[in-house]
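Open the model in a viewer and keep the selection panel at hand. The stops below follow one another, from a single strand outwards.

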Amino acid sequence: MAAATPAGAVAELKPQTPADAARGAGPDVASFTLANGLQVVVIPDRRAPVVTHMIWYKVGSADESPGVSGIAHFLEHLMFKGTAKHPAGEFSHVVAELGGQENAFTSYDYTSYFQRVAREHLKTVMAFEADRMTGLQLTDEVVNPERDVILEERRSRVDGDPSSQLGEAVAAALFVNHPYGTPIIGWEHEIEKLDRHDAIAFYERFYTPNNAILVVAGDVDAEEVRGLAEETYGKVERRVDLGPRVRPREPEPRAARRVRLADPRVTQPSLQRNYLAPSYETATGDEAYALDLLSQIMGGGSTSRIYRALVVERGVAANAGAWYYGDALDEGRFAIYAIPRAGVPLADLEAAIDEELARFMAEGPTEAELDRAKTRLIADTIYAQDSQATLARIYGASLATGGTIEEVQAWPARIRAVTSGAVRDVARAVLDPRRSVTGELLSAPAPERLAAE
Amino acid sequence: MSSASTAAAPQAHVTRIQRVAASHGAEAWLVEENTVPVVAVEVAFRGGSAQDPAELPGVVGLMAALLDEGAGELRAETFQETLEEKAIELSFSSNRDAVTASLRTLPENLDEAFGLLSLALSRPRFDDDAVERIGSQLSAQLRRDALDPEDLAGRTFFAEAFPGHPYGRPPRGTVESLAAIGRQELLGAHRRLITRDNIVIGAVGAVSPERLAGLVDRLLADLPEAASLIAVPTVAPAAIGRTEIVTLDVPQTSIVFGRSGPLRNDDDFIPAYVANHILGGGSFSSRLFTEVREKRGLAYSVYSYLSPYDHAGMFLGGVATRNDRAGQSIDLIQAEIRRMATEGPTPKELDGARKYLIGSYALRFDTSTKIANQLVHLQLDELGIDYVARRNDLVAAVTEDDVRAAARKLFGDGELLVVAVGQPTGLPGARVRPAPGSAESHAPAIVTARG
């Protein structure tokens with residue numbers, strides 16, 4: 001079924017590895033900072049007279065205070081509810097009339113709003129976006145129905161899907177101290193209590209030009225964007241100075257954990273294991289680059305080790321793979337998953353995975369494997385240049401999690417420089433059972449019905 | 001806010017769509033584009049899962065999924081490694097009406113990429129181990145989706161709407177049918193569909209027309225001449241006016257609704273498209289979005305769209321809402337559909353819809369992959385190579401009377417086939433049945449027993 005494009009999708013309930021891997025040098029990227037502290041990034045793409053305009057706030061669900069989980073995402077929805085200058089719906093109405101597309105998303109470390117419009121309308125969307133940076137006005141009349149919308153969103157994403165429920169349990173077990181263990185969308189019982197005051201408090205604390213990054217990709221040049229930005233965002237006063245983003249850090253993990261979800265609605269069991277891993281931001285050396293290669297070699301597609309061993313050679317799994325989520329301000333995650341073939345117990349899959357991991361940790365990758373993985377990841381950065389929206393997301397996500405433009409551009413070279421020894425070493429360091437949570441999704445008998453329909 | 005300037009955006013591309021004549025009467029459409037070092041190619045063959053034999057649904061889908069799992073002398077592992085070594089992206093998929101190949105490569109690997117595409121299309125191996133492996137993979141996906149509320153609603157909807165018609169059969173097959181498909185059935189489906197006279201090609205990137213013609217000629221040389229497609233009757237969906245409840249123990253009801261709609265080449269397709277856009281189309285200001293989500297918070301997701309299949313035009317929509325609000329939600333949606341049928345759009349709505357549809361058309365052409373996809377669909381739909389240049393004028397020319405007439409025809413008496421999965425209340429007169437297999441704990445049979 002074709003999906004709708006509702007406002008305020010939580011884009012990254014599950015970390016997406018392709019976007020992670022698809023960092024790229026791209027074209028001549030320019031950057032400057034306005035007097036009020038807003039960082040501006042311009043990515044030229046002259047192929048069509050359209051622009052992608054994104055504002056990234058360096059605030060996400062992991063910046064929420066205890067007890068108000070979901071407020072970052074709730075505020076993202078409420079940002080469409082009007083300002084002193086523009087009543088609710090006007091911005092969206094104008095974007096639609098311009099033939100533009102818009103949306104927004106919330107992640108652990110950032111919240112982003114974007115519009116895609118013809119180039120001559122760039123200033124219009126910049127003016128609206130700048131206006132709602134500090135001008136939001138909320139009433140209970142619009143806030144209360146929107147809370148119901150979010151509860152429905154949570155029901156769709158989580159309540160109807162046992163594997164999402166397991167995903168929440170795995171994350172909660174993996175992060176024993178860091179707020180990454182709390183779902184981006186929030187826990188239901190806390191969402192139910194969120195109100196206008198929570199939203200405004202969060203807004204006033206984090207929405208300010210000096211806590212945002214403007215990314216404009218498309219048929220523009222830096223000087224043009226600078227002029228437009230001065231006229232629009234440049235007029236927004238910084239309203240708060242934020243200190244460094246310090247969230248509770250994870251202790252060194254000591255115990256392998258296991259969570260199991262059994263539900264009558266599970267019709268296909270599955271196994272996943274998450275490991276606490278360094279991110280691009282927390283890594284001290286080239287571990288994050290090595291982890292991207294490790295995930296490609298172990299579980300990136302049908303030539304990968306896990307797929308070959310479990311799906312092709314042993315025939316115990318219907319599918320299997322791995323991913324690495326490294327675009328995090330604090331710890332990242334490395335994960336392996338497998339779907340059993342009919343009748344195969346999860347324990348068999350797990351034993352096979354452990355054997356493959358042990359072999360890899362002993363031997364490391366072959367040169368051919370490493371070369372293939374590098375070719376693949378570097379090609380992704382070239383393919384990314386075909387999409388201005390993708391480039392805008394790559395830069396925005398990286399900068400909002402502590403990266404720099406130089407790091408994004410140097411990414412292919414850094415990948416190329418990773419040695420097989422480094423990949424083996426990072427596997428040994430990260431794929432330690434004590435750093436892991438294993439999640440099992442199982443079917444269960446239905447509870448007996450007390451009454452018929 | 002002038003729409004004239006935004007309308008120019010796709011024109012920039014249309015001046016560059018070239019018709020590249022190939023051998024055997026075939027042709028490819030090309031947008032030559034040298035600024036980004038990528039070539040994207042899409043190739044489609046008419047006749048998707050609707051070409052499955054009645055007793056063996058899923059053959060075409062499995063056949064498509066196996067095309068990159070070994071071809072010619074290359075077994076699956078070698079084939080995949082060859083792709084990986086050059087970072088060539090090649091994948092195959094199918095829907096009800098077509099089988100599609102998508103190729104993306106760096107220009108320096110274009111010859112090899114096209115060679116692998118040709119090999120996959122002309123000489124797939126269908127090795128027993130690959131058939132078994134990919135069959136298991138697709139079966140696992142079917143099992144995973146068996147009790148997914150939205151998926152279950154969609155499958156039930158099509159089974160009810162198209163009884164005895166190929167569109168009523170599960171396009172991905174069933175766990176049983178996939179297990180019963182062997183090499184012979186796959187070879188048969190391949191021979192019937194993947195042919196020269198049935199191919200449509202779109203290419204975008206750093207490749208000249210001459211070079212593309214040569215590549216396409218070599219591809220065609222290896223394919224058999226003529227397809228042999230089963231005739232699929234064009235029908236209207238059945239069961240309109242009926243409400244089906246599939247009970248499932250979830251707090252939210254997933255609803256799919258729909259009725260007949262125009263075919264792609266019907267004269268009133270564009271006015272109907274505009275009418276639907278105003279009702280429930282893809283911006284944040286549709287009537288359904290406003291009434292169901294914005295004003296009342298009944299749902300996160302509510303939408304409608306036209307789905308012009310080759311052999312049935314459809315108006316379709318969906319909503320997911322708390323069980324105790326299901327009746328209220330569908331009543332509201334139906335009231336809006338009826339209001340659109342009787343009153344049509346306001347002048348302001350029509351103006352806004354035209355501006356949106358005209359202005360946003362350019363965004364369908366902003367990556368090579370998307371352009372290649374458009375080139376193929378323009379051909380599959382037989383809209384003509386000049387359609388991109390004409391399309392915004394067609395939208396601009398739509399009058400209030402056109403939309404009113406199209407809405408009256410499209411939405412008629414507002415009767416719908418409604419399928420609701422969950423534990424909905426407020427749906428009087430519905431037929432109720434349990435979700436297949438939900439009373440037991442497992443059984444692969446779940447997927448087939450959906451009725």
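Select A:Y57 and A:A212: A:Y57 stands opposite A:A212 in strand β6 (residues 212-218) of chain A. The strand names used here, like the helix names, number DSSP runs from the N terminus (H or I of at least four residues for helices, E of at least two for strands). The model is predicted, and local features need pLDDT of at least 70, side-chain atom pairs count only at pLDDT 80 or more, and totals for chains, interfaces and linings use all residues. Residues are numbered from 1 along each chain as its sequence is written, with chains lettered from A and ligands numbered from 1 in the order in which they are written.

Now extend the selection to strand β3 (residues 50-57) of chain A, where eight of eight residues are buried. Buried here means that 20 or more other C-beta atoms lie within 10 Å of the residue's own, while 12 or fewer make a residue exposed and counts in between make it partly exposed; C-beta atoms are placed from the backbone. Colour the two faces of β3(A) separately: A:V50, A:T52, A:M54 and A:W56 are on one side, and A:V51, A:H53, A:I55 and A:Y57 are on the other. Both faces are covered.

Which strands flank β3(A)? Seven bridges join β3(A) to β6(A), and the two run antiparallel. With strand β5 (residues 111-118) of chain A, β3(A) pairs over eight bridges, again in the antiparallel sense. Strands count as paired if DSSP finds at least two bridges between them. Two positions to label on the β5(A) side are A:S112, the bridge partner of A:W56, and A:R116, the bridge partner of A:T52.

Zoom out to the whole sheet of chain A. Six strands form an open sheet in the order β1-β2-β6-β3-β5-β4, with mixed pairing. At the edges stand β1 (30-33) and β4 (101-106) of chain A; each has a single partner strand, so one side of each is left without a neighbour in the sheet. On average, neighbouring strands of this sheet are turned by 15° against each other, direction ignored. Add helix α2 (residues 71-78) of chain A, which lies across β4 and β5 of chain A and runs at about 165° to β4(A). Angles run from 0 to 180 degrees between N-to-C directions, and axes are lines fitted to C-alpha atoms, for helices over the stretch in contact.

Next, colour chain A by domain: domain 1 covers 17-235 and domain 2 covers 257-443. These bounds come from an automatic or database domain assignment. The centres of the two domains of chain A, taken over C-alpha atoms, are separated by 28 Å. Between them, 38 residues of domain 1 of chain A are in contact with 49 residues of domain 2 of chain A. Contact requires C-beta atoms, placed from the backbone, to lie within 7 Å. On the domain 1 side, the largest share, eight residues, comes from α6(A).

Move to chain B, which is divided into domain 1 (3-221) and domain 2 (243-450). Their C-alpha centres lie 26 Å apart. Here 49 residues of domain 1 of chain B touch 43 residues of domain 2 of chain B. Helix α6 (residues 149-161) of chain B gives the largest share of the domain 1 side, eleven residues.

Within chain B, select helix α2 (residues 59-66) and helix α8 (residues 183-193), which pack at an angle of about 85° with their axes 9 Å apart. α2(B) and α8(B) are therefore roughly perpendicular to each other, a label for angles of 65 to 115 degrees, where under 35 counts as roughly parallel, over 145 as roughly antiparallel and the rest as oblique. Show side chains for B:V59, B:V60, B:L62, B:M63 and B:L66 of α2(B), which meet B:E185, B:L186, B:A189, B:H190 and B:L193 of α8(B).

A second pair to select is helix α10 (residues 269-280) and helix α16 (residues 400-411) of chain B, packed at about 80° with axes 8 Å apart. Residues in this contact include B:P271 and B:V274 of α10(B) and B:V403 and B:L410 of α16(B).

Finally, show both chains. Their contact takes 61 residues from chain A and 74 residues from chain B. On the chain B side, helix α5 (residues 128-145) gives the most, with seven residues.

Conventions. Contact = placed C-beta atoms within 7 Å.
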